[in-house]
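Colleague: I've got the sequence and the model open side by side. Can you walk me through a few spots?

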Amino acid sequence: MPLIEVNNLKKRYSIDDLETPALQGVSLDVEEGEFIAIIGPSGSGKSTLLHILGFLDRPTEGEYKFEGKTIDDYSEEELASVRNKKMGFVFQSFNLLPRTNILENVKLPLMYSDISEKEWNSMAIKAIESVGLSHRIGHDPSQLSGGERQRTAIARALIMNPQIIFADEPTGNLDTKTGDSIMAIFDKLNREEKHTLIIITHEKEIAEHADRIIHIKDGKIEYDISTNNHKK
Amino acid sequence: MQAGNTLKIALISLQTNKLRSVLTILGIVIGITSIMIVMSVGKTAENMILGEIGGMGAEMIVIRPGKEPKGPTDIAGSLLSNSLKTRDIEALKQSNNVPYLEDIAPAVIVPGSVSYAGETYTPVIFGWTASLMENMFNVYPDEGVFFDENDIKQKSNVAIIGAKVKNELFGGSDAIGKNIKIKNKNFKVIGTIAPRGQVGFFNVDDMVLLPYSTAQTYLLGIDYYHEVIVMAQNSELVQATVVDINKTLREMHNIADPSKDDFFTVTQEGMVSQIKTIIGALTIFLSVVVAISLVVGGIGIMNIMFVSVTERTREIGLRKALGATNKNILFQFLMESVLLTSIGGLVGILLGAGFAYIGSIGIAKAMGTGVAFRFPVSAAILGLAVSAFVGLVFGIYPAKKASKKDAIEALRFE
């Protein structure tokens, strides 16, 4: 059974009685352990797709099954619980809490889990170590470079050991060199730790890290191809 | 999510905005401080005044002429009335009229000042019986003697002076045997009272006592009394004695309808309930003012919570993405406002208790008694409950707004 099954997914936004179609019938399956890049020009609907896949939004039409259960069967509370336990998010603008140190930032998802507080510190330290930021643990986000901030965000996405990590333009605010180091972390997460990854990007070089590239244009999948990466 | 986590999240976010948090709770701090001061000073003042009345003695009944005053302006009417005369005193002394009467003493108040060798001072001058001072208030002469029944009968020109009066007129030198002048009449000082401060309603130190007959005839030119003090045999018999006094005086004055009484009685019990009523009404009035200040403080909290919710829109979006439910967000912001106001309440309680303590020292100084401060536990509990309640009431709307924010919109918010 695929982790994600999407069938003829449609999403329309209505602003001031004006209906704007964002997704116009998208179908795709995601297997566990896959590394997918979604690319496309801005306004193509790739972010909308990611938001729906990430349980942050509901589709207007079509079917979305996560772990075989359709999104319509999840209550708001259950959606939140799935986001907390099974999904990790990495954003373009990092979204770290200001004036809150790295350790506390990384702990954030734990506060909404059932995990006992006694384990929080060791879990957070482990996640921070895995992105190579142990020396920054007590620092505030303002004292960190862009790359370090994004690594903190990745540690936060990892801490609950989710099945799938969604990254929305994770290198969009970073220079090429730093972007590469972030992608190296994603590569490792997928190849070594077998996390399922879905990354949105508009940069071809970034997309080439993935096993599979889905190109979206005008709310439809233009092509869905496999790269040779998984054979490496 | 455990409740402890919500508290933790709220604490962290309050800490990250320290100055704002402090400024926000100022309104609550002031409101709760006011509650504490009002309640505590009210209680202290009540205790002190009741203590004073207690000093007056439970057996004591004061008869005053005129209609019973219903307000401050009626007191003048009481002083001007001439309904209590010597023949009334004689009638009350009859044991078949008032069987439980232990002692009776008429009194007059003499406005004016006393002078000696160029020194002038304005004390409280009473025409009274000296025996009453000894029997009722345990006030005895420090030097010399008190005047007696004989002096009253003969309308002697003698005076007893309090410690402060003595000091003002004579300084350190001896006062006994000297002649002081009141309204150009000479009075020989035959006794002084040791410093005692407040006794009953009077500051004994600031008193000059004359035989009431002397004061009536030579100083005031009147044949009535301003006040008659009666002692019942014991406090149990006060009510019965009041009934007998009323009956006797109505007979003497030919009054059939009690509502037409031209005199009234005051007892310790009556005064206690009167003062409690006055202080209670004052406390309620001040509490209303304080409540208004708390509402203003609450609106301040609401305002800053709205600002905070808008400012932290992205944070709300992020939290939702990381697994926070609407309820989690609601409780986080609600907890923040309740925590804010409760901290404000705690600070207010401490400040209020401090000010109340200082206030009670002030009252003690003004009234010449010991400091009677007690930490107002009930006011503290009330203050804390009220402050938490204000946080809840004024925090719920902003918190609801925060929880309803759409995660995606919130994450996109710039």
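Colleague: Let's start with A:Leu56: where does A:Leu56 lie in chain A?

Modeller: Keep in mind that this is a predicted model. A:Leu56 sits outside the regular elements flanking it, in a loop. That loop runs between helix 1 (46-53) and strand 4 of chain A.

Colleague: Is A:Leu56 buried or exposed?

Modeller: Count the other C-beta atoms within 10 Å of its own: a residue needs 20 or more to be called buried. A:Leu56 has 21 of them, so A:Leu56 is buried.

Colleague: Which residues is A:Leu56 in contact with, leaving aside its neighbours within four places in sequence?

Modeller: A:Leu197 may catch your eye, but the C-alpha atoms of A:Leu56 and A:Leu197 are separated by 17 Å. Those two are 141 residues apart along the chain. The contacts of A:Leu56, with those neighbours set aside, are A:His51, B:Ala321, B:Ala407 and B:Ile408.

Colleague: Which elements of chain B give two or more residues to the side that touches chain A?

Modeller: Overall, 18 residues of chain B are in contact with 21 residues of chain A. By class, the chain B side has 10 nonpolar, 6 polar and 2 charged residues. The elements that give two or more residues to it are helix 1 (3-16), helix 11 (313-321), helix 12 (326-367) and helix 14 (407-412) of chain B.

Colleague: What do the buried residues of helix 2 of chain A pack against?

Modeller: Helix 2 covers residues 76-86 of chain A, and its buried residues are A:Leu79, A:Ala80, A:Val82, A:Arg83 and A:Asn84. Their packing partners come from both chains: strand 4 and strand 6 (87-90) of chain A, plus helix 11 of chain B.

Colleague: Why do the buried residues of helix 4 of chain A end up on the same side?

Modeller: The buried residues of helix 4 (residues 120-130) of chain A are A:Ala124, A:Ala127 and A:Ile128. An α-helix has 3.6 residues a turn, so residues three or four places apart point the same way. Here the buried ones share a side of helix 4 of chain A because they cover an arc of only 100 degrees.

Colleague: And which exposed residues does the face of helix 4 of chain A turned away from its buried side carry?

Modeller: The buried residues of helix 4 of chain A pack against helix 3 (102-107) and helix 5 (146-158) of chain A. Turned away from that buried side, the other face carries the exposed residues A:Ser122 and A:Glu129.

Colleague: Which are the edge strands of the open sheet in chain A?

Modeller: The sheet has 4 strands in the order 2-1-4-5, with antiparallel pairing. At one end, strand 4 (residues 61-66) and strand 5 of chain A are joined by 2 bridges. Each edge strand pairs on one side only, and the edge strands are strand 2 (18-30) and strand 5 (69-70) of chain A.

Colleague: Over in chain B, which residue of strand 14 is the bridge partner of B:Val62?

Modeller: Strand 1 (residues 60-65) and strand 14 of chain B pair in the antiparallel sense over 5 bridges. Along strand 14 (residues 263-267) of chain B, B:Phe263, B:Thr265 and B:Thr267 point to one face and are buried, while B:Phe264 and B:Val266 point to the other and are not. The partner of B:Val62 is B:Val266.

Terms used: Residues numbered from 1 in each chain as written. Chains lettered and ligands numbered in written order. Predicted model: local features only at pLDDT ≥ 70, side-chain atom pairs only at ≥ 80, totals over all residues. Contact = placed C-beta atoms within 7 Å. Nonpolar A, V, L, I, M, F, W, Y, C, P; charged D, E, K, R; others polar. Pairing = 2+ DSSP bridges. Buried ≥ 20, exposed ≤ 12 C-beta atoms within 10 Å, placed from the backbone. Arc of directions from axis to C-beta.
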